[in-house]
Amino acid sequence: MQGYESFKQKVLNKTGIDLSLYKEKQMKRRLSSLAKRNGFDDFESYYKGISTNKELFEEFVNYMTINVSEFYRNPEQWKVLEDDVIPKLLSKKKQLRVWSAACSTGEEPYSMVMLLSNFMPLDQIKIYATDLDEQAIEKAKRGQYTEKSLKNLPNNFIRDYFDKKGGIYEIKETIKKRVEFKRHNLLSDRYMDRCDLIVCRNVLIYFTEEAKSEIYTKFSRSLEKEGYLFVGSTEQIIMPSKYNLKALKTFFYGRIE
């Protein structure tokens with residue numbers, strides 16, 4: 001499809017989303033497929049479509065942000081969180097400042113609340129969760145999921161923290177109200193500070209090396225001295241010292257002092 005360079009600039013002007021910071025081959029292929037599915041033959045006409053049709057625009061943002069998530073994704077890594085990372089953090093302080101970045105439809109921040117409930121009362125837990133996609137955030141706030149997305153979640157969490165309505169599992173309000181959701185663009189918005197734990201998983205594989213470098217450096221600045229950055233199973237950081245980070249465990253990084 002023609003007109004991708006102009007499309008990127010127009011999208012940046014309209015939304016603040018810089019498509020040039022995403023891997024071009026992957027993103028262009030995804031968006032070409034989406035545009036054609038909606039009856040557009042080039043990016044110029046597709047941009048006109050998303051500029052005038054709210055549903056098309058929301059579909060575009062949702063598709064671009066690649067919302068694929070599940071509870072306790074890669075459960076062996078959540079076991080490391082439970083057995084090692086969380087106890088170490090709680091040995092230094094009673095309450096933790098946790099940021100779930102690029103949280104998609106809410107599975108990871110809600111997983112984090114449930115995990116922390118093994119260590120403290122629910123009313124002492126607060127998770128900050130952010131994503132670029134406002135539709136994903138709205139879905140996260142509703143807290144309704146299919147059985148498939150719960151496949152890795154410990155049975156006691158499913159029993160205690162969900163209400164089953166037909167084929168849908170809805171998270172109880174006691175868990176929902178422990179998470180504060182907000183829209184956030186990792187490429188342009190201000191980052192949280194003083195974080196004990198940042199969870200950002202299976203997102204950065206879609207960004208260019210330059211964009212990843214900037215994001216990792218900002219995450220490093222956001223961490224407390226003994227905080228942890230938790231990344232996805234495909235996102236081990238090569239030469240983390242370039243970003244003022246150090247490997248603490250597989251998929252877990254800390255800030256270099």
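Modeller: Before we start on this predicted model, a word on terms: helices and strands are DSSP runs, helices of at least four residues and strands of at least two, and they are numbered from the N terminus.

Colleague: Okay, so how many helices and strands are there in the protein chain?

Modeller: The protein chain has 10 helices and 10 strands.

Colleague: And what is the radius of gyration, set against that of a compact globule?

Modeller: The protein chain has a radius of gyration of 19 Å, which agrees with the value near 18 Å that a compact globule of 257 residues would have. Along the principal axes, the C-alpha atoms fill a box of roughly 55 × 50 × 25 Å, and 50% of the 257 residues count as buried.

Colleague: Switching to charges, how many salt bridges does the structure hold?

Modeller: There are 21 salt bridges in the structure. In one of them Lys48 pairs with Glu44, with the closest N and O atoms 3.9 Å apart.

Colleague: Where do Lys48 and Glu44 sit?

Modeller: Both belong to helix α3 (residues 43-52), and because they are four residues apart there, about one helical turn separates them. Lys48 counts as exposed, with 52% relative accessibility, while Glu44 is partly exposed at 46%.

Colleague: Which residue forms a salt bridge with Glu134?

Modeller: That is Arg183, and the closest N and O atoms of the two are 3.8 Å apart. Glu134 lies in helix α7 (residues 134-142) and Arg183 in strand β6, so this pair ties together parts that are 49 residues apart in sequence.

Colleague: What about Glu180, which partner does it have?

Modeller: Glu180 forms a salt bridge with Lys126, where the closest N and O atoms are 3.2 Å apart. This pair also links distant parts of the chain, since Glu180 is in strand β6 (residues 179-183) and Lys126 is in the loop between α6 and β2 (127-131), 54 residues apart.

Colleague: Now Glu107, is that buried or exposed?

Modeller: Glu107, which is in helix α6 (residues 107-116), is buried and yet has no salt bridge.

Colleague: What is the nearest side chain of opposite charge, and why doesn't that count?

Modeller: The nearest one is Lys139, 5.9 Å away, and a salt bridge needs the nitrogen within 4 Å of a carboxyl oxygen.

Colleague: Which residues is Glu107 in contact with, then?

Modeller: Leaving aside neighbours within four places in sequence, Glu107 is in contact with Ser69, Glu70, Phe71 and Tyr145. In addition, a polar contact of 2.7 Å joins the side chains of Glu107 and Thr105.

Technical notes
Residues are numbered from 1 along each chain as its sequence is written. This is a predicted model: local features need pLDDT of at least 70, side-chain atom pairs count only at pLDDT 80 or more; totals for chains, interfaces and linings use all residues. Side-chain values use heavy atoms; hydrogens and water are left out. Buried means under 20% relative accessible area, exposed over 50%, partly exposed in between (1.4 Å probe, protein chains only). Lys and Arg count as positive and Asp and Glu as negative; His and the chain ends are not counted. A polar contact is a pair of N or O atoms within 3.5 Å; within protein, one must be able to donate a hydrogen and the other to accept it, and residues adjacent in sequence count only if both atoms are side-chain atoms. Contact means heavy atoms within 4.5 Å. The radius of gyration is taken over C-alpha atoms; the globule rule is 2.2 Å times the number of residues to the power 0.38.
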